[in-house]
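Colleague: I've got this one open on my screen and I'd like to poke at the labels. Can you walk me through what sits behind them?

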Amino acid sequence: MRIAVVGSGYVGLVAGACFAELGHDVILVDNDERKLAALQQGSVPIHERFLPELLERHRGSRLVFSSDLRKAAEQSAAIFIAVGTPPTEQGEADLSYVESVAREIAGAIRSYKVVVEKSTVPVYTNTWVRKVLLLNGAPGDRFDVASNPEFLREGTAVTDFLYPDRIVLGADTERCAHLLRELYQPLTDGSYYRRKNAIPEPDNATTPPPVIVTSAKSAELIKHASNAFLAMKISFINAVATVCENVGADVRQVCEGIGSDSRIGRRFLRPGLGYGGSCFPKDLLAFRAVARDAGYDFHLLDEVMRINEDQRQRFLRKVRNALWTLKGKRLAVLGVAFKGGTDDIRESPAVCVVEALLRDGSQVAVYDPAAMERAREVLGDKVTYAANPYEAVAGADAVLVLTDWEEFAGLDLDRIRALLRYPIVIDGRNLYDPEIMAGRGFFYYCVGRPEAAPRTEPSTRPVRSETPE
Ligand code: UGA
């Protein structure tokens with residue numbers, strides 16, 4: 001099928017490349033000519049596993065780039081809208097980009113087409129898109145507006161798309177549902193998974209994925225409610241972690257105990273610095289606004305957001321407790337991305353923490369395996385940038401682990417301790433085992449687990465032991 005995907009951000013670019021991988025002819029549309037030229041020339045604008053392979057496979061053949069939205073819409077049976085929906089000052093989703101795309105494609109609708117919302121949008125957006133299309137001259141019997149929400153996570157976006165837990169098709173007519181089913185058929189009939197060069201299956205994938213056909217409105221709500229529920233799980237476990245700290249229990253054990261109840265599940269129960277990124281913070285605000293507009297005060301979401309904010313403040317208090325004063329302290333920060341596996345620093349808890357440390361007068365050296373360039377755009381020359389974790393740590397008063405990169409879990413701890421001025425690790429992501437850290441001579445602070453102190457007294461005494469509690 002020939003399809004157009006409008007917007008070459010995370011969702012649009014990954015969806016476009018994956019639809020091409022499924023055998024469709026994709027026109028990826030963006031109004032940023034520089035970005036298009038870079039994509040055409042082979043650059044990969046985001047750090048995303050398997051995306052370079054897919055772009056290499058399909059660029060110039062099944063995946064082409066264009067800034068001509070109208071022409072792309074004319075040539076396509078389905079037009080996916082994957083443009084940004086940033087929050088307004090009131091926290092609602094700004095739908096002006098969605099509206100302008102709808103306005104522009106209205107004139108291109110002559111034969112039957114499906115206009116599909118792929119961006120996360122509030123309920124009723126499909127009704128508005130339909131109205132805009134009609135007002136701008138699209139004949140009502142030649143199109144349907146559908147919602148096909150995307151559940152991909154940054155870092156694992158390609159495998160999330162190709163091996164989804166489910167495919168949600170929000171279609172209000174059978175004709176529209178049929179077209180969308182056809183698009184995903186290589187996944188739902190399993191033929192993609194039998195291909196020799198298929199992107200490898202991740203752990204825990206269920207293939208073929210089930211299809212859930214709903215009304216467009218329900219699909220819009222499924223996306224907001226899913227993100228809100230996942231964020232709630234994270235805030236819940238962060239709150240439990242605080243109780244664990246207060247009573248001296250271990251949140252890992254508590255997670256194992258509650259997560260092994262199949263009704264609860266183990267995933268998204270990792271306590272840490274709270275959720276960040278370009279989705280949860282924005283979507284919680286937007287869903288809160290959607291509920292309010294619909295006449296329901298969803299106070300639970302306020303609490304989820306409050307706990308999330310508090311989690312960063314609690315971590316900063318932990319740093320102050322471990323180091324006493326921060327002015328003039330040299331701190332090594334491992335990780336600036338909002339989570340491991342991505343170079344994205346939007347709404348990154350790590351960046352918030354670094355900014356607070358700088359306000360307190362600390363000198364910060366940062367290292368991140370992928371997000372250094374983006375960190376530079378935001379933090380400029382307020383911090384120094386290390387070429388590797390060991391360079392960041394050299395001479396520092398403490399190490400702060402702020403992103404859950406796998407490579408941080410495998411660091412040479414003896415080397416780290418030897419490089420540090422004081423053997424203090426403050427881990428916002430629970431990457432290490434307190435027992436092991438104590439055995440290696442560290443003062444170790446983490447989330448929801450008791451602090452650990454060196455079992456063998458290190459040669460250099462930490463600041464903390466010299467100061468009153
Ligand atoms: C999230 C959802 O997981 C996707 O399903 C959804 O498609 C996407 O938003 C979206 O709406 O586009 P993403 O923001 O890429 O995906 O990242 P997540 O893996 O969900 O992590 C979000 C934040 O929660 C990160 O800061 C992460 O560190 C944090 N997190 C996650 C925890 O603190 N604990 C956990 O157990 C899991």
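Colleague: What makes you link the side chain of D32 with the backbone of R34 at the start of helix α2?

Modeller: First, bear in mind that this is a predicted model. A side-chain oxygen of D32 comes to within 3.1 Å of the backbone nitrogen of R34, right where α2 (residues 33-40) begins. The cut-off for a polar contact is 3.5 Å between N or O atoms, so this pair qualifies. Just past α2, G42 has a positive phi of about 105°.

Colleague: Why is the pair E74 and R110 called a salt bridge?

Modeller: The rule wants a side-chain nitrogen of Lys or Arg within 4 Å of a carboxyl oxygen of Asp or Glu. For E74 and R110 the closest N and O atoms are 3.5 Å apart, so the label fits. E74 belongs to helix α4 (residues 69-75), while R110 is in the loop between α5 (96-106) and β5 (113-117). They are 36 residues apart, and the pair links distant parts of the chain. By this rule the count comes to 25 salt bridges.

Colleague: How many of these run between domain 1 and domain 2?

Modeller: One salt bridge. R346 pairs with E154, and their closest N and O atoms are 3.6 Å apart. That is inside the 4 Å limit, so R346 and E154 count as a salt bridge.

Colleague: How do you know where domain 1 and domain 2 are, and what makes you say they touch?

Modeller: The domain assignment puts domain 1 at 2-200 and domain 2 at 215-469. Their C-alpha centres lie 33 Å apart. Contact here means heavy atoms within 4.5 Å, and 32 residues from domain 1 and 31 residues from domain 2 take part, so the two domains do touch. Together they bury about 2400 Å², with 56% of that on carbon and sulfur atoms. On the domain 1 side, T120, V123 and E154 lose the most area to domain 2, together 25% of what that side buries.

Colleague: What else is there across that interface, and which elements of domain 1 supply residues?

Modeller: The rule finds 14 residue pairs in polar contact. On the domain 1 side, α6 (125-135), β6 (143-147) and β7 (167-170) each supply at least two residues. That side has 15 nonpolar, 10 polar and seven charged residues.

Colleague: Which residues come nearest to the ligand?

Modeller: There are 19 residues around the ligand, and F151, L152, E154, K223 and N227 come nearest.

Colleague: What makes L152, K223 and G276 polar contacts of the ligand?

Modeller: The limit is again 3.5 Å. A backbone N or O atom of L152 is 2.7 Å from a ligand oxygen. For K223, an N or O atom in the side chain is 2.7 Å from an oxygen of the ligand. With G276 a backbone N or O atom lies 2.9 Å from a ligand oxygen. Each value is within 3.5 Å, so these three meet the rule.

Colleague: Where should I look for odd backbone angles?

Modeller: T207 and P208 are joined by a cis peptide bond, with omega about -10°. P208 sits in the loop between α9 (185-188) and β8 (211-214). Then there's F268, which has a positive phi of about 60° although it is not a glycine. F268 lies in the loop between α11 (251-259) and α12 (280-293).

Terms used
Residues are numbered from 1 along each chain as its sequence is written. This is a predicted model: local features need pLDDT of at least 70, side-chain atom pairs count only at pLDDT 80 or more; totals for chains, interfaces and linings use all residues. Side-chain values use heavy atoms; hydrogens and water are left out. Domain bounds come from an automatic or database domain assignment. Buried area is the accessible area (1.4 Å probe) that two parts lose on being put together, summed over both. A polar contact is a pair of N or O atoms within 3.5 Å; within protein, one must be able to donate a hydrogen and the other to accept it, and residues adjacent in sequence count only if both atoms are side-chain atoms. Helices (H or I, at least four residues) and strands (E, at least two) are DSSP runs, numbered from the N terminus. Ala, Val, Leu, Ile, Met, Phe, Trp, Tyr, Cys and Pro count as nonpolar, Asp, Glu, Lys and Arg as charged, and the others, Gly among them, as polar. A residue is near a molecule or strand if one of its heavy atoms lies within 4 Å of it.
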